[in-house]
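Dear colleague,

Please find below the structure that I am handing over to you. My findings follow directly after it.

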Amino acid sequence: MDSQFLMEIMEINEKLAEAQGETATKEMESIVRAKQKELTDNVSRAFERDDFEKAKELLTKMRYFSNVEEKIKLKKIPL
């Protein structure tokens, strides 16, 4: 993983941890969904070009965002 991507994930996780209230959580959810959509589109293009290494890299990034999505879901569950 490139350091820029890892920094982005760390920032998103920090913002999610600091998010207070439904509005902040929904904002984070929107950002993560947009990133997942972008990555999904890029994976499709990589497969169309038979660029399997790029597809593998993108799928790994998607896994990171999937983990963030799970954290968002847990945060939305009332205790």
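A residue counts as buried when its relative accessible area is under 20%, as exposed when that area is over 50%, and as partly exposed in between. Tyr 64 has a relative accessibility of 31%, so it falls in the partly exposed class. Please bear in mind that this is a predicted model.

I begin with the record. UniProt, in an unreviewed entry, places the feature "domain: Co-chaperone HscB C-terminal oligomerisation" at residues 1-73. Over residues 1-73 the chain is 90% helix and 0% strand. The C-alpha atoms at the two ends of this stretch are 25 Å apart.

Next come the aromatic residues. The model contains 3 aromatic pairs, counting rings whose centres lie within 6.5 Å. In one of these pairs, Phe 5 meets Tyr 64 edge-to-face, with 5.6 Å from centre to centre and 85 degrees between the planes. Phe 5 belongs to helix H1 (residues 3-18) and Tyr 64 to helix H3 (residues 52-76), so the pair ties together parts that are 59 residues apart in sequence. How do the two partners stand in terms of accessible area? Phe 5 is buried, with a relative accessible area of 4%, whereas Tyr 64 is partly exposed at 31%. Together with Phe 65, these two residues form one aromatic cluster.

Phe 65 also leads to the nonpolar interior. The largest nonpolar core has 15 residues, and those that touch the most other members are Ile 12, Val 32, Phe 65, Val 68 and Ile 72. Which elements give two or more residues to this core? They are H1, H2 and H3, and H3 gives the most, with 6 residues. Ile 12 may serve as an example: leaving aside neighbours within four places in sequence, Ile 12 is in contact with Met 28, Val 32, Phe 65 and Val 68.

Finally, I would draw your attention to Glu 29, which is found in helix H2 (residues 21-48). Is Glu 29 buried or exposed? At 15% relative accessibility, Glu 29 is under the 20% cut-off and therefore counts as buried. Not counting residues up to four places away in sequence, Glu 29 touches Ile 72 and Lys 76. With Lys 76, the side chain of Glu 29 makes a polar contact of 3.2 Å. Ile 72, the other residue touched by Glu 29, is among the core residues that touch the most other members.

With kind regards

Definitions and conventions:
Residues numbered from 1 in each chain as written. Predicted model: local features only at pLDDT ≥ 70, side-chain atom pairs only at ≥ 80, totals over all residues. Heavy atoms only, no water. Phe/Tyr/Trp six-rings, centres within 6.5 Å; stacked < 30°, edge-to-face > 60°. Helix = DSSP H or I, 4+ residues; strand = E, 2+ residues; numbered from the N terminus. Buried < 20%, exposed > 50% of the residue type's maximum accessible area, 1.4 Å probe, protein only. UniProt positions renumbered as here; feature names shortened; annotations may be inferred. Polar contact = N/O pair within 3.5 Å; in protein donor to acceptor, adjacent residues only side chain to side chain. Contact = heavy atoms within 4.5 Å. Core = buried A, V, L, I, M, F, W, Y, C linked by side-chain atoms within 4.5 Å.
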